[in-house]
Amino acid sequence: MSLLLTGITELTTNDPARGDGAADPGDALLGIVRDAALVVSADGEIEWVGPAAQAPDADDHRHLGGRAVIPGFVDSHTHLVFAGDRSAEFAARMTGTPYDGGGIAVSVAATRAASDDDLRARVAARVAEMRAQGTTTVEIKSGYGLTLDDELRSLRIARELTPHTTFLGAHVVPGEYATQRAAYVDLVTGPMLDAVVADGPTSLAESIDVFCEPHSTHAFDGDESRTILEAGRAAGLALRVHGNQLGHGPGVRLACELGARSVDHCTYLRDADVDALVAARGTTVATLLPGVEFSTRSPYPDARALIDAGVDVALASDCNPGTCYSSSIPFAIALAVREMGMTPAEALHAATAVSARSLGLDRRVAPGQPAELAVIDAPSHLHLAYRAGVPIVRALDL
Ligand SMILES: [Zn+2]
């Protein structure tokens, strides 16, 4: 049964060619169609997009009651596979304890101790929580196992919920390797990586990631990060990098040099880093994670400067138990607009089209694309940031 959707006050298509030609630059960026309609096929594919007045017939019809429809959010950076509770660490940080990456060990211990079923239920609940806030596509990293078996288990559980899984054995050096860093890098690039790709390069993980952060004694320096990323690339994985989160460092330039799909955080950038991101446009996206700066009371990255320089900027949640236990992309959008100088249109585009591109996806609302959509209980996308904290957006169940 094909389905005709009407009652759409404003449709964001992310397809500038499809927009109804408004002079507003935000409308042009988002390819806005007003008084729109959509036809979705029985197998969930978009068949037709355009003004409601020109809509064709379909087998079934649903009126959305005068709401805005947007592409579902693509959360391209999450760490959902974990057990344990670090709320006390958050409370301590709010009263002055600095963050240095060390708390990850708490989640590692709890995750290793959890049963498969417990871990699976926790991850599924988090994905459902995201869907209830408009996220239809999610990337999930491993990285709280840090043994061969626990990393594989994390990836298998994540893979049950999304094809966009990322091997993050190089999240931190686990405590048992604290005095043998080189041996841990050998484990990640040898037996762990071999096991991840044993059934084919993308059977368990689509990408490899590394926490490149010389300012944390638990994370990896530039040389270690290069070794890990080059090994992942040789094994057939796409590259992602946590870079320049806690201070200036080599992560952004390394990601750009190696053709990573995304370098994430980008909180501390020098001109050379911005130049590298501009040169890597079309290949490497800068994924900003403002929920982390909010939750760690840190300075926000300068999104305005990056966009003005011509960098591809994405937004994601970084949902994780330590530095940002928020799964909310609307919250990230509100922070991007309020704290980082992004326009509402740029923020929505960053959390859909650009974050999708960092996962190798096309997130336009166009014929032939999957109908991964979200609906807003408001007449326009402006309400996402305007009504911060109010649950007005959710994935559209067809
Ligand atoms: Zn992260």
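The protein in this predicted model is divided into domain 1, covering 3-72 + 365-395, and domain 2, covering 73-357. Taken over C-alpha atoms, the centres of domain 1 and domain 2 are separated by 30 Å. The points below take up the contact between the domains, the strands β1 to β3, the parallel sheet, a helix pair and several individual residues.

**Contact between the domains**

- Across the boundary, 18 residues of domain 1 are in contact with 22 residues of domain 2.
- On the side of domain 1 that touches domain 2, the elements giving two or more residues are α1 (25-30), β4 (60-71), α14 (383-386) and β15 (393-395).
- Sorted by class, that side of domain 1 has 11 nonpolar, 5 polar and 2 charged residues.

**Strands β1, β2 and β3**

- Strand β1 (residues 3-12) pairs with β2 in the antiparallel sense over 7 bridges; within this pairing, L3 has V40 in β2 as its bridge partner.
- Strand β3 (residues 46-51) also pairs with β2 in the antiparallel sense, over 5 bridges.
- Two positions illustrate the pairing of β2 with β3: L38 stands opposite V49 in β3, and A36 has P51 in β3 as its bridge partner.
- β2 and β3 form a hairpin with 5 residues between them, and G44 in the turn has a positive phi of about 80 degrees.
- Strand β2 (residues 32-40) is largely enclosed by the rest of the structure, because 7 of its 9 residues are buried.

**The parallel sheet**

- An open sheet of 7 strands, with parallel pairing, follows the order β7-β8-β9-β10-β11-β12-β13.
- Its edge strands are β7 (140-141) and β13 (313-315), each of which pairs on one side only.
- Helix α5 (residues 148-159) packs on the sheet and touches β7 and β8 (165-170), and the direction of α5 makes about 165 degrees with that of β8.
- Strand β10 (residues 238-243) and strand β11 (residues 262-265) run parallel and are joined by 4 bridges.
- In the pairing of these strands, G243 stands opposite H265 in β11.

**Helices α6 and α7**

- The axes of helix α6 (residues 181-196) and helix α7 (residues 222-234) come within 9 Å and cross at roughly 10 degrees.
- Angles under 35 degrees count as roughly parallel, and α6 and α7 are therefore roughly parallel to each other.
- From α6, the residues V185, V188, T189 and L193 meet E224, T227, I228, A231 and G232 in α7.
- By class, the contact of α6 with α7 has 5 nonpolar, 3 polar and 1 charged residues.

**Residue H77**

- H77 lies in the loop between β5 (73-75) and α2 (87-94).
- A residue is buried if 20 or more other C-beta atoms lie within 10 Å of its own; H77 has 30 other C-beta atoms within 10 Å and is therefore buried.
- With neighbours within four places in sequence left aside, H77 is in contact with E139, D264, T287, L289, A316, S317 and D318.
- H77 and A132 are 55 residues apart in sequence, and their C-alpha atoms are 18 Å apart in space.

**Residues L146 and R297**

- L146 is found in the loop between β7 and α5, and its phi is near 60 degrees, a positive value in a residue other than glycine.
- The surroundings of L146 contain 28 other C-beta atoms within 10 Å, so L146 is buried.
- R297 is placed in the loop between α10 (290-296) and α11 (303-309), and phi of R297 is near 50 degrees, again a positive value in a residue other than glycine.
- R297 counts as exposed because it has 11 C-beta neighbours inside 10 Å, where a count of 12 or fewer is the cut-off for an exposed residue.

**Residue T283**

- T283 lies in the loop between α9 (271-279) and β12 (285-288).
- T283 has 15 C-beta neighbours inside 10 Å and so counts as partly exposed.
- T283 and V49 are 234 residues apart along the chain, and their C-alpha atoms are separated by 29 Å.

Notes. Residues are numbered from 1 along each chain as its sequence is written. This is a predicted model: local features need pLDDT of at least 70, side-chain atom pairs count only at pLDDT 80 or more; totals for chains, interfaces and linings use all residues. Two strands pair if DSSP finds at least two bridges between them. Domain bounds come from an automatic or database domain assignment. Two residues are in contact if their C-beta atoms, placed from the backbone, lie within 7 Å. Ala, Val, Leu, Ile, Met, Phe, Trp, Tyr, Cys and Pro count as nonpolar, Asp, Glu, Lys and Arg as charged, and the others, Gly among them, as polar. Axes are lines fitted to C-alpha atoms, for helices over the stretch in contact, and angles run from 0 to 180 degrees between N-to-C directions. Angles under 35 degrees count as roughly parallel, over 145 as roughly antiparallel, 65 to 115 as roughly perpendicular and the rest as oblique.
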